[in-house]
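Okay, thanks for having me, everyone. Let me put the structure up and then walk you through it.

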Amino acid sequence: MGAPTSKTAPASTSEYAFPWAPLLILASAIFVAVTSEFVPVGLLPDLAETFDVSESQVGLLVTIFAGSVVVSAAPLTALTRNVPRKKLVIAVLVVFAIGNLLAALAPTYTVLVIARVIGGVAHGLFWSIVGAYTGYLVPKHHLGRAVAITSGGGSAAFVLGVPLGTALGQALGWRLTFAVIAAVIAVILVLVLKFLPAISHRVELKTGEIAVPMRKDRSVVGVVLLCVIVLITMNAHYVFYTYISPYLTGVAGFDETSIAPLLFLFGGAGAIGLVISGFVSDKYPRAGLAVAFTVVAACVLVIAVWHSNTAIVLVAIVIWAIAFGGAPAMMQTRLLHTASPRIRDAASAWYTTAFNAAIGAGALIGGGLLDRYGLEILPYVDVALLLIGIVVLLVSNVIVRRRSLPRDVSLSTGSISTIGSP
């Protein structure tokens, strides 16, 4: 296990400097991880044509990837709980590169599925580690800022990774896209080896302190409620977003060559939302999420109703992306604030499992609805699920506030609950 340094215990030293380089490296790793996961969305027609399968079957690649995460994230996190985090990041990136290289060389749809399973297994453990890594690099009052930076990697994936991967795949073949992703992972691996500090992730008991079973940790309820919110809202999003390319061309009337620019537009607007979330997370931790999901639901409904008006659809896409862009970062920040240090890694694994279960279920449900009812129904299902998620979010806010109020007087100032924190 890596020895603690001044960078791994920033709250205890007056010489603390904000760890820009490590955070940017983590953001870069997240960039390739998210790009790898969602690049099939932009290449959906090309993959379907190559392997002579339906678009819904290609959509299943997202489900398979996410399903692999769901099955493996928590068990692998538990099995590797004593492994130094930096070494684990390195190992996961190597497996990631292998999965993408196999995808680039896949001669059949079955081999491509195997490549996605390998990538999904690596992805699950990756997020369990990286999701908590940020919390070890900065003090608690810098979490919102730090998470916004690392989450910028995810936004960059939607701004640059997925659109560029789509454009590259359409111009020179989708296989080159996966090969380039593998090469970029190799470069990031070198940066991790050289610049990412080792961290001490084990929480030692204080003198006289009794070990409490994880299930009895006071922060578990807040974490579980957040995971339920993630399940519902992300499921809603990916029911529609997974099939956004065929929807825009088949329903909204956009030309196929405009898909990459539209994905770029969505990602760019999402980056704006991420910047905004850095401010919102600290001032309005609960209301911010509710407002963001409400705006997303309104925009998706506008797209569904006025899909034949390209100008309205474009405006709705931009506002949708801005509102949604910061939501994952706000939820990640909320997780790190809510989970006590002793269950932080496990909480990140649960969060990752919930997130990818939602992605996989969304792609699967969306594909089933597409085959049975057509593309037009997808945004309406998205909106319905989002409304349910908003209700659950509001109810959970009340529950967490009541549980934490006796121990967390800072709630009166609007800060995120830190139930279970020492």
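**A walk through the helices**

Let's start at Pro-22: beyond its neighbours within four places in sequence, Pro-22 is in contact with Leu-137, Phe-195, Leu-196 and Pro-197. One thing to say right away is that this is a predicted model. Pro-22 sits in helix H1, and it's buried, with a relative accessible area of 2%. Take Phe-195 from that contact list: Pro-22 and Phe-195 are 173 residues apart in sequence, yet their C-alpha atoms are 6.5 Å apart in space.

Now let's step back to the whole chain. How many helices and strands does the protein chain have? There are 15 helices and 0 strands. The chain has 422 residues, and 57% of them count as buried. And if you take the contacts between residues at least 6 apart in sequence, 86% of those join residues at least 24 apart.

Okay, on to helix pairs. A quick reminder for anyone new to this: two packed helices are described by the angle between their axes and the distance between the axes.

I'll stay with H1 for the opening pair. H1 covers residues 20-42, and its partner here is helix H6, residues 143-172. Their axes come within 6 Å and cross at roughly 40°, so H1 and H6 are oblique to each other. The crossing is right-handed. Sorted by class, the contact of H1 with H6 has 17 nonpolar, 9 polar and 1 charged residues.

Next up, helix H11, residues 287-305, and helix H12, residues 310-325. These two pack at an angle of about 160°, with their axes 8 Å apart. That angle makes H11 roughly antiparallel to H12. The crossing here is left-handed. Who makes the contact? From H11 you've got Ala-292, Val-295, Val-296, Cys-299, Val-300, Val-302 and Ile-303, and from H12 there's Ile-312, Val-313, Ala-316, Ile-317, Ile-319, Trp-320, Ala-323 and Phe-324. Class by class, that contact has 15 nonpolar residues, with no polar and no charged ones.

The last pair is helix H5, residues 109-137, with H14. Their packing angle is about 135°, and the axes are 8 Å apart. That makes H5 oblique to H14, and the crossing is right-handed. On the H5 side, the contact is made by His-123, Gly-124, Trp-127, Ser-128, Gly-131, Ala-132, Gly-135 and Tyr-136. On the H14 side, we have Arg-344, Asp-345, Ser-348, Ala-349, Thr-352 and Asn-356. The split for this contact is 4 nonpolar, 8 polar and 2 charged.

Let's look at H14 by itself for a moment. What span should its 30 residues have, at 1.5 Å a residue? H14 runs over residues 344-373, so the expected span is 44 Å, and the end C-alpha atoms are 42 Å apart, which agrees. Is H14 largely enclosed or not? Of its 30 residues, 21 are buried, so H14 is largely enclosed by the rest of the structure. Right after H14 comes Gly-374, whose phi is positive, near 100°.

Speaking of phi: most residues other than glycine have a negative phi. So have a look at Asp-52, where phi is near 55°, a positive value in a residue other than glycine. Where is Asp-52 found? It's in the loop between helix H2, 44-51, and helix H3, 55-79. Asp-52 is exposed, too, with a relative accessible area of 71%.

To finish, a couple of residues with partners from elsewhere in the sequence. Leu-387 is found in helix H15, residues 378-404, and it's partly exposed, at a relative accessible area of 48%. Leu-387 and Ile-232 are 155 residues apart in sequence, and 9.4 Å apart from C-alpha to C-alpha. Then there's Ala-183, in helix H7, residues 174-195. With 43% relative accessibility, Ala-183 counts as partly exposed. Ala-183 and Ala-97 are 86 residues apart along the chain, and their C-alpha atoms are separated by 7.5 Å.

That's my tour, thanks for listening.

Key: Residues numbered from 1 in each chain as written. Predicted model: local features only at pLDDT ≥ 70, side-chain atom pairs only at ≥ 80, totals over all residues. Heavy atoms only, no water. Helix = DSSP H or I, 4+ residues; strand = E, 2+ residues; numbered from the N terminus. Expected span 1.5 Å × (residues − 1). Buried < 20%, exposed > 50% of the residue type's maximum accessible area, 1.4 Å probe, protein only. Axes fitted to C-alpha atoms, helices over the stretch in contact; angles between N-to-C directions. Parallel < 35°, antiparallel > 145°, perpendicular 65-115°, else oblique. Left-handed = near helix turned anticlockwise from the far one by under 90°. Contact = heavy atoms within 4.5 Å. Nonpolar A, V, L, I, M, F, W, Y, C, P; charged D, E, K, R; others polar.
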